[in-house]
Amino acid sequence: MPEPYIRTALPDDDEELGVLDRATWSRLHAVVPAPQPPYAPFFDDRHSAADTLVAELDRRIVGYLRLGFATPLAANVHVRQIQGLAVAEEARGRGVGRALIKAAVEETRRRGARRITLRVLGHNAPARKLYESEGFVVEGLLPEEFLLDGKYVDDVFMGRPV
């Protein structure tokens, strides 16, 4: 089985990443409503191509990871945050998510940051297990932070040094 090829996104990836983002939407990880047309561009003021890692298998985009700053504060520039991770259904179980996380940690280190953090919904056991296997630990919990489809869901804050 080939290893996923990880690269920085290009502006031309916008449409393909938008399709992937919509195809992978799920209440397992999303707190916003399902996307509806007309669809917004994938890249916006908060998320640029330069801050997005793309995973390819057989020259096709099958996953992405968005990196951003945890806050806009100068005192916090040493921290990067994973602000989105998605893997196409047909590529799951092939190491795509793990490869994206490893690349994000390396990119965070390359950019001079000291820590990388993320937020994950408490009921998203597969994602939490993957993050923990890559050295992330729970650093905080916001109980019942979101009401999704009539159920309260915890917001879990995780982080690790790079």
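This report describes the sheet, the packed helices, the unusual backbone positions and the salt bridges of a predicted model.

**Sheet and helices**

The model contains an open sheet of seven strands with mixed pairing, arranged in the order β1-β2-β3-β4-β5-β7-β6. Strands β1 (5-8) and β6 (137-148) occupy the edges; each has a single partner strand, so one side of each is left without a neighbour in the sheet. On average, and with direction ignored, neighbouring strands of this sheet are turned by 25 degrees against each other.

Within the sheet, β4 (residues 79-87) and β5 (residues 115-121) run parallel and are joined by four bridges. Gln81 stands opposite Thr117 of β5.

Helix α1 (residues 14-23) packs on the sheet, where it touches β2 (52-57) and β3 (60-69); the direction of α1 makes about 90 degrees with that of β3. Helix α3 (residues 125-133), in turn, lies across β4, β5, β6 and β7 (151-161) and runs at about 160 degrees to β5.

**Backbone positions**

The peptide bond from Pro37 to Pro38 is cis, with omega near -5 degrees. Pro38 is placed in the loop between α1 and β2.

Positive phi values occur at two residues that are not glycine. Glu144, in strand β6, has phi near 50 degrees. Its relative accessibility is 53%, so Glu144 counts as exposed. Asp149, in the loop between β6 and β7, has a phi of about 50 degrees.

**Salt bridges**

The count of salt bridges comes to 13. Three pairs are listed below.

| Pair | Closest N to O distance |
|---|---|
| Arg27 and Asp149 | 3.5 Å |
| Arg92 and Glu89 | 2.8 Å |
| Asp155 and Arg119 | 2.2 Å |

The salt bridge between Arg27 and Asp149 links distant parts of the chain: Arg27 lies in the loop between α1 and β2, Asp149 in the loop between β6 and β7, and the two are 122 residues apart. Arg27 is partly exposed at 23% relative accessibility, whereas Asp149 is exposed at 61%. Asp149 therefore combines an exposed position with a positive phi and a salt bridge to Arg27.

Asp155 and Arg119 form a salt bridge that also links distant parts of the chain, from strand β7 to strand β5, with their positions 36 residues apart. Asp155 is buried, with a relative accessible area of 4%, while Arg119 is partly exposed at 47%.

In the pair of Arg92 and Glu89, Arg92 is partly exposed at 43% relative accessibility and Glu89 is exposed at 58%.

Finally, a network of salt bridges links Asp51, Glu107, Arg110 and Arg111.

How values were computed: Residues are numbered from 1 along each chain as its sequence is written. This is a predicted model: local features need pLDDT of at least 70, side-chain atom pairs count only at pLDDT 80 or more; totals for chains, interfaces and linings use all residues. Side-chain values use heavy atoms; hydrogens and water are left out. Two strands pair if DSSP finds at least two bridges between them. Axes are lines fitted to C-alpha atoms, for helices over the stretch in contact, and angles run from 0 to 180 degrees between N-to-C directions. Contact means heavy atoms within 4.5 Å. Buried means under 20% relative accessible area, exposed over 50%, partly exposed in between (1.4 Å probe, protein chains only). A salt bridge is a side-chain nitrogen of Lys or Arg within 4 Å of a carboxyl oxygen of Asp or Glu.
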